[in-house]
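The following note sets out points for a colleague who is reading this entry alongside its sequence and coordinates. Each point takes up one topic and may be checked against the display.

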Amino acid sequence: MRKIPSLVSLSKPSISLAKIVPGFLAPPVGSSRPAFPLAPKFAESESPVVDSEPEASDSGPVETAEDVEIALEQPKREEVFAVVMVSGKLRRKIPNVGGRQYIVFPGRYLYTQRLKDANVNDKIVLNKVLLVGTKTHTYIGKPVVTNAAVHAVVEDHGLNDKVVVFKYKPKKKYRRNNGHRQPNTRIRITGITGYEDYPAAANVAV
């Protein structure tokens with residue numbers, strides 16, 4: 001009968017874990033490089049030092065109470081608007097013909113039809129003022145406000161957006177596709193004057 005070897009009599013493995021065998025998990029002979037690449041060391045992030053004391057600003061001198069009182073004493077510019085008629089030619093012989101009406105405010109700009117008599121950077125005066133309104137009074141023209149004038153400066157001459165003009169006739173093989181850009185002028189309103197002497201009606205709160 002065959003005998004089964006006992007576990008005690010089994011031979012120990014020839015490879016010892018404490019002893020490193022050349023070529024197995026070890027660098028070659030004469031090499032200083034480690035077996036496994038070392039993990040790169042990340043530099044510790046240096047947080048910026050924040051000063052608790054605020055820096056002195058060199059914005060300018062500090063306003064005093066006297067400066068504030070002087071600024072309050074100065075009268076503010078009155079808010080005013082006007083309705084003015086602008087025609088294509090500033091020197092038109094027949095008045096109030098072919099014009100368009102615009103609501104204008106000092107300091108703002110608007111696009112009007114091309115002013116043929118004006119060049120860029122020219123100062124113009126619009127005398128056809130139909131109405132002038134302020135916070136307290138309303139000056140209604142009959143048909144215009146006498147001696148009132150709107151002062152403006154010409155900034156640029158340009159063109160409006162393209163408008164497609166398409167014509168079509170059915171069963172006639174007739175098609176026409178054209179485009180048109182209307183010339184315009186950009187003006188900036190600089191002021192509204194001369195309406196103070198005209199009889200005004202007080203604004204009534206509704």
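**Notes on the predicted model**

1. Arginine 186 and glutamate 155 form a salt bridge, in which the closest N and O atoms are 2.7 Å apart. This pair links distant parts of the chain, since arginine 186 belongs to strand 10 (residues 183-193) and glutamate 155 to strand 7, with their positions 31 residues apart in the numbering. The model is a predicted one, and the distances quoted in this note should be read accordingly.

2. Glutamate 155 has a further partner: its side chain also meets that of arginine 188 in a salt bridge, at 2.5 Å from N to O. Here too the pair links distant parts of the chain, with arginine 188 in strand 10 and glutamate 155 in strand 7, 33 residues apart. Glu155, Arg186 and Arg188 are thus linked in a network of salt bridges. A search of the whole structure finds two salt bridges. As a general matter, side chains of opposite charge can pair when their charged atoms come close.

3. Are the members of this network buried, partly exposed or exposed? Arginine 186 counts as partly exposed because its relative accessibility is 21%. Glutamate 155, at 26%, is likewise assigned to the partly exposed class. Arginine 188 has a relative accessibility of 25% and is therefore partly exposed. The cut-off matters for this reading, because buried means under 20% relative accessible area and exposed means over 50%.

4. Histidine 157 is also placed in strand 7, which spans residues 149-159. With a relative accessibility of 24%, histidine 157 counts as partly exposed. Which residues does histidine 157 contact, leaving aside its neighbours within four places in sequence? They are Arg114, Leu115, Ala118, Asn119, Val120, Asn184 and Thr185. For one of these, leucine 115, the C-alpha atom is separated from that of histidine 157 by 8.5 Å, although the two residues are 42 apart along the chain.

5. The side chain of histidine 157 merits inspection for its polar surroundings. A polar atom of this side chain lies 3.1 Å from the backbone oxygen of alanine 118. The side chain of histidine 157 also makes a polar contact, at 3.0 Å, with the side chain of threonine 185.

6. Strand 1 (residues 80-87) is mostly covered, with seven of its eight residues buried. Strand 1 pairs with strand 5 (residues 129-134) in the antiparallel sense over five bridges, and alanine 82 stands opposite valine 132 of strand 5. Strand 1 is also joined to strand 2 (residues 99-104) by six bridges, again in an antiparallel arrangement. In that pairing, valine 84 stands opposite tyrosine 102 of strand 2. In a regular strand the side chains alternate between the two faces of the sheet.

7. Glutamine 113 lies in strand 3 (residues 109-113). Is glutamine 113 buried or exposed? Glutamine 113 is buried, because its relative accessible area is 17%. A polar atom of the glutamine 113 side chain lies 3.3 Å from the backbone oxygen of valine 86.

8. At the surface, Val164, Phe166 and Tyr168 make a nonpolar patch of about 340 Å². Tyrosine 168 is located in strand 8 (residues 163-169). The relative accessible area of tyrosine 168 is 45%, so this residue is partly exposed.

9. Some totals for the protein chain complete the description. The secondary structure comes to one helix and 11 strands, and the order from the N terminus is α-β-β-β-β-β-β-β-β-β-β-β. Of the 206 residues, 19% count as buried. The chain exposes about 18100 Å², of which carbon and sulfur atoms supply 56%. Among contacts between residues at least 6 apart in sequence, 68% join residues at least 24 apart.

Conventions. Residues are numbered from 1 along each chain as its sequence is written. This is a predicted model: local features need pLDDT of at least 70, side-chain atom pairs count only at pLDDT 80 or more; totals for chains, interfaces and linings use all residues. Side-chain values use heavy atoms; hydrogens and water are left out. Helices (H or I, at least four residues) and strands (E, at least two) are DSSP runs, numbered from the N terminus. Buried means under 20% relative accessible area, exposed over 50%, partly exposed in between (1.4 Å probe, protein chains only). Contact means heavy atoms within 4.5 Å. A polar contact is a pair of N or O atoms within 3.5 Å; within protein, one must be able to donate a hydrogen and the other to accept it, and residues adjacent in sequence count only if both atoms are side-chain atoms. Patches are made of residues with over 30% relative accessible area and no salt bridge: like charges are joined within 9 Å, nonpolar side chains (Val, Leu, Ile, Met, Phe, Trp, Tyr) within 5 Å. Accessible areas come from the Shrake-Rupley method with a 1.4 Å probe; for residues, only the protein chains shown count as cover. A salt bridge is a side-chain nitrogen of Lys or Arg within 4 Å of a carboxyl oxygen of Asp or Glu. Two strands pair if DSSP finds at least two bridges between them.
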